[in-house]
Amino acid sequence: MSDTPKLLAESIRAAADARRPLAIRGSGSKAFYGHALQGEALDVTGHRGIISYEPTELVITARAGTPLAEIEALMREQGQMLGFEPPQFGGGGTIGGCIAAGLSGPRRAYAGSARDFVLGLRLLDGRGTDLSFGGQVMKNVAGYDVSRLATGSLGTLGVILEVSLKVLPLPPAELTLVQEHSQAEALRLMNTWAGKPLPMTATCHADGKLYLRLAGAQAAVKAAAATLGGETLAGADVFWRDLRDQRHAFFAGDSANNLPLWRLSLRSTTAELTLPGTQLIEWGGALRWLRSDADVMSIRKAARGGEGHATLFRGGKPGTAVFHPLPAALMKLHKRVKQAMDPAGILNPGRMYPDL
Amino acid sequence: MNAPVQKMPVDLERQRAVCAALRAFMPAQNVLFEREDVTPYECDGLSAYRQVPMVVALPENEEQVCAILEACHQMRVPVTARGAGTGLSGGALPLGNGVLLSLAKLMSIISIDPASRSARVQPGVRNVSISEAAAAYGLYYAPDPSSQIACSIGGNVAENSGGVHCLKYGLTVHNILKIRVATIEGEIIELGGGGLDSAGYDLLALMTGSEGLLGVVTEITVKLLPRPECAQVVLAAFDDVARAGQAVANVIAAGIIPAGMEMMDQPATLAVEPFVNAGYPTDAAGILLCESDGTREEVAEEIARIEQIMADSGAHLVRVSQDESERLRFWAGRKAAFPAVGRLSPDYYCMDGTIPRKRLAEVLRGITEMEKKYDLRCANVFHAGDGNLHPLILYDANDASQLQRAEDFGAEILKLCIDVGGTITGEHGVGVEKIDSMCVQFRSVELEAFHALKHAFDEHGLLNPGKAVPTLQRCAEFGRMHVHAGQEKFPELPRF
């Protein structure tokens with residue numbers, strides 16, 4: 001196991017010398033996400049295991065190939081959790097893949113994103129150099145924040161070896177309420193509540209129903225539930241887990257016959273989208289899932305209207321740009337950043353944008 | 001801190017050329033070069049370092065910022081951006097051959113959107129002004145560095161500033177949604193967006209805390225949070241700092257993330273108490289302030305638990321603030337710690353290491369040893385929740401030997417922070433002050449990666465050169481040959 005970084009580094013160096021692209025591969029749970037991988041597979045799942053976990057320091061450090069499920073089970077024993085509620089699509093996923101994809105779950109709008117919880121990374125850059133950034137402490141402003149830069153870069157800036165994350169305590173009490181509302185009314189309510197000191201940790205609007213998860217001290221949850229009203233949802237854990245892992249009925253059926261799934265990340269107060277298809281809303285209105293065969297241009301235009309961006313999350317016509325196109329000046333900078341970290345351009349080329 | 005005041009003679013011809021280039025698009029009174037006009041900009045909050053800039057530019061809008069950068073880029077003149085000049089690491093120390101770009105005139109709050117809970121502000125806006133303007137909507141901006149009444153939000157972004165509430169509410173990077181940045185070529189790019197993430201690389205995170213080396217922030221959209229319904233603070237006194245440290249761990253182990261958790265050692269409380277009468281027991285080896293905020297129910301439940309944990313952890317005195325004025329008085333002592341210590345001594349040198357909390361007792365013991373070694377006193381205030389330690393070394397700058405000892409003392413504290421698994425700076429930044437300690441914290445491979453990233457943004461190295469990231473050459477010279485784990489740090493470099 002201790003040789004794995006060395007072997008990976010050798011593979012990267014050889015590939016860089018030959019300018020041969022590498023396709024970094026974890027558990028494959030998010031293989032659908034982004035453009036198709038090209039090049040020789042670089043399997044990183046062998047590099048696994050929790051290196052240190054100290055509940056009272058609120059920090060966990062694990063090797064990239066460690067299954068998310070293993071990490072979460074261990075933390076649960078200590079009454080803690082990953083605050084950003086990362087998806088485990090298909091029940092799989094490694095911590096390295098989780099950070100490389102940078103995706104966050106239902107709690108994101110209320111507790112923070114994957115990158116918000118990243119404290120440090122050890123990674124191999126495109127020359128096979130073994131680098132460590134950040135650390136295992138909450139506050140650290142020494143050097144550029146490469147750890148957060150690499151979060152969500154889909155392996156295009158480096159092969160993650162180790163991840164250090166801030167963790168949070170599990171809330172003592174949790175309760176989910178359900179109310180019936182139109183989408184417009186749900187958007188208004190979610191934004192109004194978010195401006196009030198309520199112990200809210202997740203929201204979702206689907207099929208005319210607004211789900212709100214309250215969490216915190218028992219008395220606070222009870223008081224908020226009484227103020228907000230609505231039916232208490234039985235089996236709430238399963239509901240939020242299914243939403244997080246896209247097993248909710250809205251996401252069901254991933255066959256070629258289904259409509260493409262779009263992810264629009266917008267200003268939370270953006271008015272109801274008038275695009276054809278069905279929608280599911282999360283993050284207090286800041287995340288809109290759309291199943292639609294609307295043309296790409298109109299979806300991207302709607303995203304721009306909400307000061308955000310649209311990702312073709314699953315399905316769609318081959319050749320469609322998965323990620324929202326960047327303005328020229330920004331793309332130029334992206335290319336230079338990629339060049340700095342991976343000069344030979346061999347790490348997951350094209351997974352995010354054709355030029356990276 | 002060795003006051004390396006550059007006495008470089010001003011290149012008058014170059015100065016004239018730069019002024020002329022800037023005055024082509026700016027009012028003459030906003031381009032300063034006369035000695036008495038530029039001297040106020042010679043240092044920031046780290047006043048041991050001073051350097052009069054060649055030219056000071058005071059743009060009034062984003063277009064002028066871009067034009068200044070474009071002109072400097074063309075003429076290959078280095079540029080140092082400056083906010084309110086309150087930084088403690090010398091990040092805004094000017095260059096004798098450079099332009100000091102003050103963002104002080106960009107000070108308007110452009111808009112507040114209570115519905116989406118965000119505010120668009122210019123970089124020169126003071127941190128506290130945002131919360132004051134948002135108060136009408138029951139909202140506030142969470143990061144609250146102790147200098148918040150003076151420091152600017154642009155400077156906060158450049159330094160990724162924290163504050164006493166960041167364990168629960170995060171640092172600047174967690175509380176901004178979007179920034180507009182002028183590149184050294186004078187182009188504007190937007191990072192982040194109206195939503196909670198954006199397409200492409202997270203350059204917003206990279207830019208935050210980059211100390212003015214990658215670009216100049218011209219506008220910031222910050223996240224606003226609902227003001228907590230109420231807050232209460234527990235004051236607990238311990239006769240042993242290790243026990244106080246354990247109490248902090250016990251609070252976290254109980255599943256509580258306090259809104260603030262601060263520790264002060266006895267030298268600090270002794271300095272503060274006569275100054276503000278906060279009600280601190282000065283016979284204690286250390287005191288803890290632990291705050292809970294949220295809904296009334298939440299706070300009542302949490303405060304009761306914290307009180308119990310403090311008692312169980314061996315506190316010999318536990319008091320809970322009974323009303324808002326008492327809560328503010330408990331905090332007033334902590335907030336006055338720096339000026340209070342400043343009254344004890346002609347000068348003090350504030351350090352900013354972060355350590356894993358469990359190593360606190362060991363680090364404080366180490367600092368006590370160093371007090372003897374360097375024959376200087378040191379008071380400690382500590383953001384205990386997140387492990388950020390601020391030792392305040394007392395010295396007299398008029399005594400050259402004390403200044404040298406204070407500097408060596410500080411460097412040894414930072415070395416100790418790294419040795420226990422921490423970092424040389426939690427929130428003040430590297431600037432010029434800790435640039436040599438960067439050579440201890442990072443290996444040459446990481447420093448090379450930093451330089452490569454810098455090059456991606458600023459090919460000619462014109463943005464705030466000499467700060468934040470040392471050259472490998474400098475590290476080799478600084479050397480004092482830090483040998484770590486039996487390995488030389490920079491084996492590839494020649495030694496001098």
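This briefing walks through two protein chains, A and B, and how they meet. Keep in mind that what you're looking at is a predicted model. Chain A is split into three domains, and chain B meets chain A across an interface that buries about 6200 Å². We'll take each chain by itself, then the domains of chain A, then the place where the chains touch.

**Chain A by itself**

- If you count up the secondary structure of chain A, you get eleven helices and 17 strands.
- Chain A is as compact as a globular protein of its length, because its radius of gyration is 21 Å and the globule rule gives a close match, 21 Å, for 356 residues.
- Measure along the principal axes and the C-alpha trace of chain A spans about 65 × 50 × 35 Å.

**Chain B by itself**

- Chain B has 17 helices and 20 strands.
- For 496 residues the globule rule gives 23 Å, and the radius of gyration of chain B is close to that at 23 Å, so chain B is as compact as a globular protein of that length.
- Picture a box of roughly 70 × 60 × 45 Å along the principal axes: that's what the C-alpha atoms of chain B fill.

**Domains inside chain A**

- Domain 1 of chain A comes in two pieces of sequence, 4–169 and 335–341, while domain 2 covers 173–244 and domain 3 covers 249–314.
- The C-alpha centres of domain 1 and domain 3 of chain A sit 27 Å apart.
- Where these two domains of chain A touch, ten residues of domain 1 are in contact with six residues of domain 3.
- Together, domain 1 and domain 3 of chain A bury about 710 Å², and 66% of that area is on carbon and sulfur atoms.
- On the domain 1 side of this contact in chain A, seven residues are nonpolar, two are polar and one is charged.
- What about salt bridges between domain 1 and domain 3 of chain A? The count is zero.
- There are, however, two residue pairs in polar contact between domain 1 and domain 3 of chain A, both at pLDDT 80 or more.

**Where chain B meets chain A**

- Here 83 residues of chain B are in contact with 68 residues of chain A.
- Of the area of about 6200 Å² buried between chain B and chain A, carbon and sulfur atoms give 61%.
- How many salt bridges are there between chain B and chain A? The count is eight.
- In one salt bridge to look for, the side chains of Asp197(B) and Arg263(A) meet at 2.7 Å, N to O.
- The two chains also have 29 residue pairs in polar contact, with both residues at pLDDT 80 or more.
- Several elements of chain B give two or more residues to the side touching chain A, among them β9 (188–192), α8 (241–253) and α10 (296–312).
- Which element gives the most to that side of chain B? It's α16(B), with nine residues.
- Sorted by class, the side of chain B that touches chain A has 37 nonpolar, 24 polar and 22 charged residues.

How values were computed
Residues numbered from 1 in each chain as written. Chains lettered and ligands numbered in written order. Heavy atoms only, no water. Domains from an automatic or database assignment. Contact = heavy atoms within 4.5 Å. Buried area = accessible area lost by both parts, 1.4 Å probe. Salt bridge = Lys/Arg side-chain N within 4 Å of Asp/Glu carboxyl O. Polar contact = N/O pair within 3.5 Å; in protein donor to acceptor, adjacent residues only side chain to side chain. Nonpolar A, V, L, I, M, F, W, Y, C, P; charged D, E, K, R; others polar. Helix = DSSP H or I, 4+ residues; strand = E, 2+ residues; numbered from the N terminus. Rg over C-alpha atoms; globule rule 2.2 N^0.38 Å.
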